[in-house]
2 protein chains.
Amino acid sequence: MAQKREYLSKNQKIVLDYIEKANQPLKAYSILFNVQKKGLKAPPQVYRALDRLVEIGKVHKIESKNAFVACKNSNCTISNATAFSICDGCEKVTEISNPKLSKYLSGFQDNSGMKYNKYNLEFFGLCKKCR
Amino acid sequence: MAQKREYLSKNQKIVLDYIEKANQPLKAYSILFNVQKKGLKAPPQVYRALDRLVEIGKVHKIESKNAFVACKNSNCTISNATAFSICDGCEKVTEISNPKLSKYLSGFQDNSGMKYNKYNLEFFGLCKKCR
DNA sequence: TATAACATTGTTATATTATAACAAATTTAT
DNA sequence: ATAAATTTGTTATAATATAACAATGTTATA
Ligand SMILES: [Zn+2]
Ligand SMILES: [Zn+2]
Ligand SMILES: [Zn+2]
Ligand SMILES: [Zn+2]
């Protein structure tokens, strides 16, 4: 059984700090560029930190944008049930925190025999400002 | 108003034919390699065809895998409401066709003021064989 | 404290995915 | 027939992500 630290390593903290300060999804290479002054010089350092942060649910990947955003859902320490709202106009991304929705999806079953333990949902549309 | 052909062009047909023969998601460069004998020599030719096929709903992109799969949902001529089941063991991907689910999600609203017109949902888990 | 086991970091190189830009050919509308 | 629009072919390059391995740091426990 591989043990894992329950605290964040130096690089993980640097990357998380930077992502948390942004209130929008960030691209990996944009993060890299911005944490170079902190000593992270090459892509693997950023991608490794991101992998871990995503794994523990501190950060989510917006798959349709290849971008990373801090979790805004304080009771979402696990990353196995994520839903986002994405504006096609201004690209604003918001994490949806809706107990009914998550309950519905977490309990979803079909007749395929699949046992689901994770989902990611991305909604697209236009926000108020962009309509 | 940009007019668009309602039939498929030569390259679009070639790419769609190939994707429809596979019963699994395919990567763009694997498609490229396999349609080179049909004359499509470079990435833009494949990506252009894919873009269009996705736009008209004949093909869906599995965002978490950067892969493309033919639509198996005959009444889904539009591509604005997609749901997939993905096995983390064998990587089998199935398009979910569940009227209740799609009705629930198509009608989803929150208090953010967003007007949703599209969603993509990816479920992950283990299929019968992989458990 | 030693030291072995393990996890993290630093580093270089490379793989994979996707698009920009523009000329040529084809198709469609007038 | 001609103009407009779309599709295609082509080259180059951008953007995203991982492999591989040595060096360093951390943890457990002998
Ligand atoms: Zn979250
Ligand atoms: Zn907007
Ligand atoms: Zn479909
Ligand atoms: Zn399976």
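How far does a polar side-chain atom of Lys41(A) lie from a phosphate oxygen of DNA strand C? The distance is 3.4 Å. The legends below take this contact and others in turn. The model is predicted.

**Figure 1. Phosphate contacts on DNA strand C.**
Three side chains are picked out here. Lys61(B) places a polar side-chain atom 2.6 Å from a phosphate oxygen of DNA strand C. For Ser9(A), a side-chain N or O atom sits 2.9 Å from a phosphate oxygen of this strand. Lys41(A) has a polar side-chain atom 3.4 Å from a phosphate oxygen of DNA strand C.

**Figure 2. The protein surface near DNA strand C.**
There are 21 residues around DNA strand C. Those that come nearest are Gln45(A), Arg48(A), Tyr7(B), Lys27(B) and Lys61(B). Of the strand atoms that come within 4 Å of the protein, 53% belong to sugar and phosphate. Three helices each supply at least two residues of this surface: H1 (10-21) and H3 (43-55) of chain A, and H3 (43-55) of chain B. By class, the surface holds 9 charged, 7 nonpolar and 5 polar residues.

**Figure 3. The protein surface near DNA strand D.**
DNA strand D is surrounded by 21 residues. The closest are Gln45(B), Arg48(B), Tyr7(A), Lys27(A) and Lys61(A). Sugar and phosphate make up 53% of the DNA strand D atoms that come within 4 Å of the protein. Helix H1 (10-21) of chain B, H3 of chain B and H3 of chain A each supply at least two residues here. The surface divides into 9 charged, 7 nonpolar and 5 polar residues.

**Figure 4. Base and phosphate contacts on DNA strand D.**
Which part of DNA strand D is 2.8 Å from a side-chain N or O atom of Tyr29(A)? It is a base nitrogen. Ser9(B) brings a side-chain N or O atom to 2.9 Å from a phosphate oxygen of DNA strand D. Asn11(B) uses its backbone: a polar backbone atom is 3.1 Å from a phosphate oxygen of DNA strand D.

**Figure 5. Asn11(A) in helix H1.**
Asn11(A) belongs to helix H1 of chain A, one of the helices that supply residues to the surface near DNA strand C. Beyond four places in sequence, Asn11(A) touches Leu40(A), Gln45(A) and Ala49(A). Of these, Gln45(A) is also among the residues that come nearest to DNA strand C. Gln109(A) lies 98 residues away from Asn11(A) in sequence, and their C-alpha atoms are 39 Å apart.

**Figure 6. Leu40(B) in a loop of chain B.**
Leu40(B) sits in the loop between helix H2 (28-35) and H3 of chain B. Is this residue buried or exposed? Leu40(B) has 0% relative accessibility, so it counts as buried. Neighbours within four places in sequence aside, its contacts are Asn11(B), Ile14(B), Val15(B), Leu32(B), Val35(B), Gln45(B) and Val46(B). One of them, Gln45(B), is also listed among the closest residues to DNA strand D. Lys10(B) is 30 residues from Leu40(B) along the chain, with 10 Å between their C-alpha atoms.

**Figure 7. Ser85(A) and its partners in two chains.**
Ser85(A) lies in strand E3 (residues 81-87) of chain A. Its relative accessible area is 3%, so Ser85(A) is buried. Which side chain makes a polar contact with the side chain of Ser85(A)? The partner is Tyr116(B), at 3.2 Å. Leaving out neighbours within four places in sequence, Ser85(A) contacts Lys92(A), Val93(A), Thr94(A), Ile96(A) and Phe123(A) in chain A. From chain B, Met114(B) and Tyr116(B) are in contact with Ser85(A).

**Figure 8. Two cysteines.**
Cys71(A) is buried, because its relative accessibility is 18%. Cys90(B) is partly exposed, because its relative accessible area is 36%. A disulfide covalently bonds the sulfur atoms of two cysteines. Over all chains, the count of disulfides is 0.

**Figure 9. Chain A as a whole, for orientation.**
Chain A has 4 helices and 5 strands. Along the sequence their pattern is α-α-α-β-β-β-β-α-β. The C-alpha atoms fill a box of roughly 50 × 50 × 25 Å along the principal axes. Of the 131 residues in chain A, 42% are buried. Chain A exposes about 8,000 Å², with 51% of that area supplied by carbon and sulfur atoms. Among contacts with a separation of 6 or more, 52% join residues 24 or more positions apart.

Technical notes:
Residues numbered from 1 in each chain as written. Chains lettered and ligands numbered in written order. Predicted model: local features only at pLDDT ≥ 70, side-chain atom pairs only at ≥ 80, totals over all residues. Heavy atoms only, no water. Near = heavy atom within 4 Å. Polar contact = N/O pair within 3.5 Å; in protein donor to acceptor, adjacent residues only side chain to side chain. Nonpolar A, V, L, I, M, F, W, Y, C, P; charged D, E, K, R; others polar. Buried < 20%, exposed > 50% of the residue type's maximum accessible area, 1.4 Å probe, protein only. Contact = heavy atoms within 4.5 Å. Areas by Shrake-Rupley, 256 points an atom, 1.4 Å probe, with all protein chains shown as cover. Disulfide = S-S within 2.5 Å.
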